[in-house]
Amino acid sequence: MNKTAILHECKHCSGTGTCSNGADSTSCVACAKRNELPFWRHSNQIGLMCGSCGGIGQAESLTERLNKRIAPVLALVLTGGILALILFSTISQSPYFSEIMAFGSAVIGTVMGYYFSRGNNER
Ligand SMILES: [Zn+2]
Ligand SMILES: [Zn+2]
């Protein structure tokens with residue numbers, strides 16, 4: 001799995017990190033709001049930080065953002081399901097308990113490792 005985020009040039013600021021989408025190359029109202037400027041400074045501001053990418057000039061792709069939102073939910077469901085399976089096999093004294101335990105801890109370990117390393121990369 002590719003852990004590094006795929007970045008694209010920000011469409012809003014064309015990779016400059018500064019918004020010039022308003023009239024006469026000024027910054028647009030949306031970005032002025034993102035910069036938490038008072039309403040009387042929403043127009044005719046030049047060189048404001050791009051609100052879409054946060055001034056870095058690069059934005060994550062839509063699929064990347066979608067993956068980030070779905071993956072934690074998937075991991076949670078997966079971990080929950082395995083825990084339930086382990087619990088069930090404990091209660092029913094399943095003969096496959098050791099196999100389920102080995103499989104379950106391997107999967108949970110992988111999920112945990114994936115999320116911890118991912119979190120460290122983002123920080
Ligand atoms: Zn931008
Ligand atoms: Zn803008």
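The donor residues of the zinc ion (ligand 1) follow the sequence spacing C-x2-C-x36-C-x2-C. In this predicted model, the coordinating atoms are the SG atoms of Cys10, Cys13, Cys50 and Cys53, placed at 2.2 to 2.3 Å from the metal. The angles subtended by the four donor atoms around the zinc ion (ligand 1) range from 100 to 121°, and the arrangement is therefore tetrahedral. For reference, the ideal angle for four tetrahedral donors is 109.5 degrees. Two of the ligating residues were examined for solvent accessibility: cysteine 10 counts as buried because its relative accessibility is 3%, and cysteine 13, also at 3% relative accessibility, counts as buried.

A nonpolar patch on the surface is formed by Leu66, Ile70 and Leu74, which together have about 300 Å² of accessible area. Of these residues, leucine 66 is located in helix 2, which spans residues 62-91. The relative accessible area of leucine 66 is 44%, so this residue is classed as partly exposed, a category lying between the limits of 20% for buried and 50% for exposed residues.

As regards aromatic contacts, the structure contains one aromatic pair. The pair consists of phenylalanine 39 and tryptophan 40, whose ring centres lie 5.4 Å apart. Because the ring planes of phenylalanine 39 and tryptophan 40 stand at 80°, the pair is edge-to-face; the angle required for this class is over 60 degrees. Both phenylalanine 39 and tryptophan 40 are exposed, whereas cysteine 10 and cysteine 13 at the zinc site are buried.

Notes
Residues numbered from 1 in each chain as written. Chains lettered and ligands numbered in written order. Predicted model: local features only at pLDDT ≥ 70, side-chain atom pairs only at ≥ 80, totals over all residues. Heavy atoms only, no water. Donors = N, O, S within 2.8 Å, 3.2 Å for Na, K, Ca; no water. Tetrahedral: all angles 85-135°; square planar, octahedral: opposite > 155°, others 65-115°. Buried < 20%, exposed > 50% of the residue type's maximum accessible area, 1.4 Å probe, protein only. Patch = residues over 30% accessible without salt bridge, like charges linked within 9 Å, V, L, I, M, F, W, Y side chains within 5 Å. Areas by Shrake-Rupley, 256 points an atom, 1.4 Å probe, with all protein chains shown as cover. Salt bridge = Lys/Arg side-chain N within 4 Å of Asp/Glu carboxyl O. Helix = DSSP H or I, 4+ residues; strand = E, 2+ residues; numbered from the N terminus. Phe/Tyr/Trp six-rings, centres within 6.5 Å; stacked < 30°, edge-to-face > 60°.
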